[in-house]
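Work through the exercises below with the sequence and the 3D structure at hand. Try each task before reading its solution.

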Amino acid sequence: MMKNKPYALNILLCFAFAVTMLIFLLIKTFAPIVILPQLNIPNLVGLMLLVLIIEHYAVPDAQRCYVCIAILAALTFGLMPLAAGFASSVSAVKLALVGGIVFTAVTWIFDSITDRLSTGPEAHGALLISALGLWLASQCFTGIIL
């Protein structure tokens, strides 16, 4: 179906982040009293891992271009919050830099994890547990940088 599509990961990230920003925008419009989650590193890593898991099962053995991943992720994380009104121009630049670097690092770590998992087709939970561990490890960045 989508074999060897090097930009499938960034397309999925863009779609997932656009849906997230749309949900935030709708909640901010129709229920302004509701407190929305912050755009901090652990929450972004959770979204990134969701996209990586979907991409792992939808596009097995996808090719990677880490420079392209970093640039397109920075554009995604910088422009969408700016367009949705959740970030000023200064915070959008900071979010773009941090988002591009963190997404590239999480992708590299996730690829390393999937390369080392040799569980076979009967243990699909190993990848989910590894992703949960990676998300829990990202909790140490709460309140740092963003």
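**Exercise 1. Describe the lining of the largest pocket.**

Task: Find which helix supplies the largest share of the lining of the largest pocket, and sort the lining by class.

Solution. The model is a predicted one.

Step 1. The largest share of the lining, seven residues, comes from helix 4.

Step 2. The pocket itself has a volume of about 240 Å³. It is lined by 14 residues, and those closest to its centre are Ile41, Val102, Ala105, Val106 and Phe141.

Step 3. Now list the helices that give at least two residues each to the lining: helix 2 (41-58), helix 4 (89-116) and helix 5 (125-138).

Step 4. Sorted by class, the lining holds 13 nonpolar residues, one polar residue and no charged residues.

Step 5. Take Val106 as a single case. Val106 belongs to helix 4. Its relative accessibility is 7%, and buried means under 20%, so Val106 counts as buried. Between the C-alpha atoms of Val106 and Arg64 there are 13 Å, with their positions 42 residues apart along the chain.

**Exercise 2. Analyse the aromatic pairs.**

Task: State how many aromatic pairs the structure holds, then give the geometry and the location of each.

Solution.

Step 1. The structure holds two aromatic pairs.

Step 2. One pair is formed by Phe17 and Phe77, with 4.8 Å from centre to centre and 70 degrees between the planes. An angle over 60 degrees counts as edge-to-face, so this pair is edge-to-face.

Step 3. Locate the two rings. Phe17 is in helix 1 (residues 8-30) and Phe77 is in helix 3 (residues 66-84), so the pair ties together parts that are 60 residues apart in sequence. Both Phe17 and Phe77 are buried.

Step 4. Phe24 and Phe86 form an edge-to-face pair as well, with 5.9 Å from centre to centre and 70 degrees between the planes. This pair links distant parts of the chain, 62 residues apart: Phe24 sits in helix 1, and Phe86 in the loop between helix 3 and helix 4.

Step 5. Compare the exposure of Phe24 and Phe86. Phe24 has a relative accessible area of 12% and is buried, whereas Phe86 has 24% and counts as partly exposed.

Step 6. Look at the ring of Phe86 once more. Lys28 lies over its face, 4.8 Å from the ring centre.

**Exercise 3. Check the cysteines.**

Task: Give the number of disulfides, and decide whether Cys68 and Cys140 are buried, partly exposed or exposed.

Solution.

Step 1. Recall that a disulfide is a covalent bond between the sulfur atoms of two cysteines. The structure holds zero disulfides.

Step 2. Cys68 has a relative accessible area of 23%. Buried means under 20% and exposed means over 50%, so Cys68 is partly exposed.

Step 3. Cys140 has a relative accessibility of 51%. The cut-off for exposed is over 50%, so Cys140 counts as exposed.

**Exercise 4. Compare distance in sequence with distance in space.**

Task: For Lys5 and for Ile69, give the location, the exposure and the C-alpha distance to the partner residue.

Solution.

Step 1. Lys5 is in the segment before helix 1. With a relative accessible area of 42%, Lys5 is partly exposed.

Step 2. Lys5 and Val59 are 54 residues apart along the chain, and their C-alpha atoms are separated by 7.7 Å.

Step 3. Ile69 is part of helix 3. Its relative accessibility is 1%, so Ile69 counts as buried.

Step 4. The C-alpha atoms of Ile69 and Thr104 are 6.3 Å apart in space, while the two residues are 35 residues apart in sequence.

Technical notes: Residues are numbered from 1 along each chain as its sequence is written. This is a predicted model: local features need pLDDT of at least 70, side-chain atom pairs count only at pLDDT 80 or more; totals for chains, interfaces and linings use all residues. Side-chain values use heavy atoms; hydrogens and water are left out. On a 1 Å grid over the protein atoms alone, a cavity is a set of points where a 1.4 Å probe fits but cannot get out, and a pocket is an open set with protein on both sides within 12 Å along at least five of seven lines; lining residues have an atom within 4 Å of a point. Grid points are joined across faces, edges and corners, and a volume is the space filled by probe spheres set on the points. Helices (H or I, at least four residues) and strands (E, at least two) are DSSP runs, numbered from the N terminus. Ala, Val, Leu, Ile, Met, Phe, Trp, Tyr, Cys and Pro count as nonpolar, Asp, Glu, Lys and Arg as charged, and the others, Gly among them, as polar. A disulfide is a pair of cysteine sulfur atoms within 2.5 Å. Buried means under 20% relative accessible area, exposed over 50%, partly exposed in between (1.4 Å probe, protein chains only). Rings of Phe, Tyr and Trp (its six-membered ring) pair if their centres lie within 6.5 Å; planes under 30 degrees apart count as stacked, over 60 as edge-to-face and the rest as tilted. A charge sits over a ring if NZ of Lys or CZ of Arg is within 6 Å of the ring centre and within 35 degrees of the ring normal.
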